[in-house]
Structures are given as C-alpha cells and as structure tokens.
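Morning, everyone. Please bring up the model on your screens. I'll go from the whole chain down to single residues.

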Amino acid sequence: VARRNEEHLYAASTDKEVLGMLSGTHPIVRVLRNQKFVNQVVKFFLRPPVVDTDGEEVLDEDGDPIYQSGLLHYVRKDGRVHPQFFGTTKTGRQRCASPNCQNVSSKREDDYRKILGSAYSLPLRAAFTATPTAPGEDPWVLVDFDLQGAELFIMAVQSGDAAMLDACKRNMLPEGHPDYLDFLSNMAVKAFRLDCAPTKKALAAAGKKGVRTSAKHLVYGLAYGRGDEAVLRAVEEEGDVATLDEIAMVRAFLFEQFPRLMAYFEACRCRVIDPGHITNCFGRRRRARRPRDQTVLAELEREFMNFPIQATVADVVNEWLYHLELHPDRYDAAGISRYRICLQVHDSAIVECRVSFLERFVEIVKECLSRIVVRRCDLDGRPMDDVCHKMATSIDVFRRWGVPLKQDEGMRLGIPASFYATS
C-alpha cells in the first residue's frame, strides 16, 4: 500500500490477516494475534451463562444455566445441537447455521497449542462426542471421512493435464503405499531443488515448512485468481515464513509442470462476458449478468474460475451422502438405524455408527463413493471423453471428534484393531 502511495485508500487494521503479516516485526503483534485466536474460541465455545444483578447464574425450569449465545445456547435437552443446513449456495455446498459447526476447524490447533502450552490438552473438536451408551449396550463412534485431494483432482481432470492427473492419483493413495506422492511437498522440493524427501516432516526438519505452505496456498488459490501477494498474506497469516520470490518460483514451476492449468482457468474467467454462464460436469450452472463496474467484473471472474472446482466437489459429496442416507443396510430388521449422518464440512462428513456395524459401514462408505464418477467436460457441461474418474476417501474413527483412539480404549469398546494404533 505504501509502495503504491495508496495509504489514503485504506484504514489501519488489526484483523488476523494483517497481524499474521506483521507477526515478525514486534513481540506485541504476536500477543495481539494470539489474543484474537483465543477470543474466537471463547465466543463460540465458552460464553458465560446469564447472571442476575447479584452475579448469580439464572436457571431455567429444569435447573440448567441459560446461555444467550455461543455453542451452549444451542444445546437441546437431548444433549445435542441441531444446526440448520442450507443447500442454496451458488456452488451447491451445504451451509450450516445456528450454530455454524462447520467453523469448528482443525486449522488452528498448532496455534492454540503454542499459545496455551500444556494447558491445551484436547482439540476444539473434542467438544463433540459420540452418544454415550449404558454398560453392555453397543457403543456409538464417530466416523470422519473425506475426499482425498478433491480440489486438486478436479483441477487435473477438468483441465485435461495428464501429468497433474497422474500426480493427483498418487496423492490419493494411502501414505504407506509405495507409489504414494505428497503432491504439495513434492512440488515444494522440486521447485526449490531441495535435498530432502518430499514429505511434510522432511520439509519441517529442513526448516522449509513455509515453502510447502506457499505451494498449498498457491495451488488452491489458483481457483480463486489469487496473485503472489495474496498468497504471501495467506502464508504469513498462518504464521509461516515465505518471500514473494519463493512464491513466484513455485508458481513458475507449477505452470511449467502442468501447462494446461493456466489455459483452463483463463477459459473459465472469460465466460463471465461471453456467454455469461458456466456449467460443471454435473450440470450445475452459474450465471452472471455483464457488469459495468470493473470491481464487480473482477469478483465474478474469480467466482467463475472457482465454480467448476468447488461445485463439482460439492456435488460429489451431496450425492455421496444421498447414497448413504438411502442405503438398504442402514436399518436393521427392527427398523433401527445402524448409523446416522451428523454433519457435513465441505468435502468431508461426520457419521455416528454402532461399533458392531463399523467394518460394514466403512465398506458402505467406499461402495457409495465408487458409484460416483467424474468426467472431463467442457464449460457448458458436455463430456469431452468417455473416461470415468473415481475419487478416494480417507476414514478416521473417534469417540471424541479429532482425538485419535488409543489401543486400550479401542479394545474396551470392541473396535477392530485396524481403526486405532496398536503401539
């Protein structure tokens, strides 16, 4: 801003993006940044109950404290929160409100641990648990499953870039597979010719964690039309270190390795003006009137670049959950549900499942996903070839959301050993 002599166009700010960018300039900046992180958590999870003029808690007719805001305000008599879901977003993503449980992200866990140290013993998501059961009753567990590398994979399929598609397919393999490839780490290592393995751990050990973060924000930012400075701000906002030169190197390497990406996103961008609409491979269409304002035009161009990717991921997840909802094995002979869908978070979902049905449920999850195919289409939604691409999933099992099962807990609940660490 100062370099462009645009100080008069902007107001001073202490939002999380600005504090992330300035975190290395003075110790007080990091203190302010940490305070904002903690305040966000307090506002959602730890709002105090209503008190009277004497400072005493106000109770309802059942003797429970009354909360006017925060997560506890939405807890009902069954001990659950029942958010509202809206499928009316432009991309088809489900939107959650009252409360917005989709915002309970694991993204800031490292920050919370650094701020609170040993006092921070469990992730925020651990506030959500599987339904308690009586002794001898078949326990419930939470099954968290998501699409692996979904956005990268859709970019590769729709751009028709064979090299990127191969890399994305390897990225979707289990980490123990001999052909597994960490897409983002591999990009960072090759772009900077680093002498380390293309893994998160190796890059962190080499002091190069920031270049992987740069690669992540750059690749995912392509679908939003992000420039190098915007990527740098996103990297710094996460607390990592990078330079504009490093980000430019990653961008140059990306387009050198996957040359069809740039042409694909440029074609998406141009659809705002002519013909004024764009369609994904499931037939979902985004329309736009030709804008007169250049700011509005730029925003629409970013939306059109993003739409085929986000809308396709959303449609895959929606169809996936539809098949799960209607699967014939969902109910037992007495008509009692063996599993129930609890929450969708973008490209993942949380389902509560009985332990006795867990192994069969995992088969059902994979079976339902295998029914869904993604085909390369033009920007009017017409198939460009006969190749049917399928996506992969990763599955985790918890009692408390986000807390890995320990061996003794898994054995006590009768959970198959394949779902927890045995050492």
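How many of the 423 residues are buried, as a percentage? The figure is 43%. Keep in mind that this is a predicted model. Buried here means under 20% relative accessible area. Exposed means over 50%, and partly exposed is in between.

Now the surface. The protein exposes about 22,900 Å². Carbon and sulfur atoms supply 51% of that area.

Next, the fold elements. There are 14 helices and eight strands. The radius of gyration is 24 Å, and the globule rule gives 22 Å for 423 residues. Those values are close, so the protein is as compact as a globular protein of that length. The C-alpha trace spans about 60 × 60 × 50 Å along its principal axes.

What about contacts along the chain? Take the contacts between residues at least 6 apart in sequence. Of these, 59% join residues at least 24 apart.

Charges, quickly. I count 58 positive side chains and 59 negative ones. The centres of the two sets lie 4 Å apart.

Let's zoom in on a strand. Find β3, residues 140-147. Is β3 mostly covered or mostly open? It is mostly covered, with seven of its eight residues buried.

Which strands does β3 pair with? One is β7, residues 348-354. Seven bridges join the two, and they run antiparallel. To see one of these pairings, look at Val141: its bridge partner in β7 is Cys353. The other is β8, residues 393-398. Here there are six bridges, again with antiparallel strands. Try Leu147 this time: its partner in β8 is Thr393.

A general point while you look at strands. In a regular strand, side chains alternate between the two faces of the sheet.

Now a helix. Go to α6, residues 183-191. Eight of its nine residues are buried, so α6 is largely enclosed by the rest of the structure. The buried ones are Phe183, Leu184, Ser185, Asn186, Met187, Ala188, Val189 and Ala191.

What covers them? Several helices do, including α4 (150-159) and α5 (162-171). Also among the cover are α7 (200-205), α8 (209-222) and α10 (244-257).

Here is a rule to use on any helix. An α-helix has 3.6 residues a turn, so residues three or four places apart point the same way.

Two single residues from other helices now. Start with Phe45, in helix α2, residues 27-45. Its relative accessibility is 13%, so Phe45 counts as buried. What does Phe45 touch beyond four places in sequence? The list is Leu71, Leu72, Val104, Leu124, Ala127 and Phe128. Look at His73 as well. His73 is 28 residues from Phe45 along the chain, and their C-alpha atoms are separated by 9.7 Å.

The second residue is Thr312, in helix α12, residues 294-325. Thr312 has a relative accessible area of 0%, so it is buried. Set aside residues up to four places away in sequence. Thr312 then touches Ile154, Asn280, Cys281, Phe282, Phe307 and Val374.

Last topic: backbone geometry. Most residues other than glycine have a negative phi, and most peptide bonds are trans. Let's look at some that go the other way.

Where does the chain have cis peptide bonds? One joins Ser98 and Pro99, with omega about 0 degrees. Pro99 lies in the loop between β2 (95-97) and α3 (109-116). Another cis bond runs from Asp274 to Pro275, with omega near 15 degrees. Pro275 is in the loop between α11 (260-270) and β4 (277-279).

Now phi. Stay with Ser98, in the loop between β2 and α3. Ser98 is not a glycine, yet its phi is positive, about 55 degrees. Is Ser98 buried, partly exposed or exposed? At 29% relative accessibility, Ser98 counts as partly exposed.

Then go to Arg193, in the loop between α6 and α7. Arg193 also has a positive phi, about 50 degrees, and is not a glycine. Its relative accessibility is 75%, so Arg193 counts as exposed.

To recap two of the stops: α6 is largely enclosed, while Arg193 is exposed. Thanks, everyone.

Definitions and conventions
Residues numbered from 1 in each chain as written. Predicted model: local features only at pLDDT ≥ 70, side-chain atom pairs only at ≥ 80, totals over all residues. Heavy atoms only, no water. Helix = DSSP H or I, 4+ residues; strand = E, 2+ residues; numbered from the N terminus. Rg over C-alpha atoms; globule rule 2.2 N^0.38 Å. Buried < 20%, exposed > 50% of the residue type's maximum accessible area, 1.4 Å probe, protein only. Contact = heavy atoms within 4.5 Å. Areas by Shrake-Rupley, 256 points an atom, 1.4 Å probe, with all protein chains shown as cover. Lys, Arg positive; Asp, Glu negative; His and termini not counted. Charge placed at Lys NZ, Arg CZ, Asp CG, Glu CD. Pairing = 2+ DSSP bridges.
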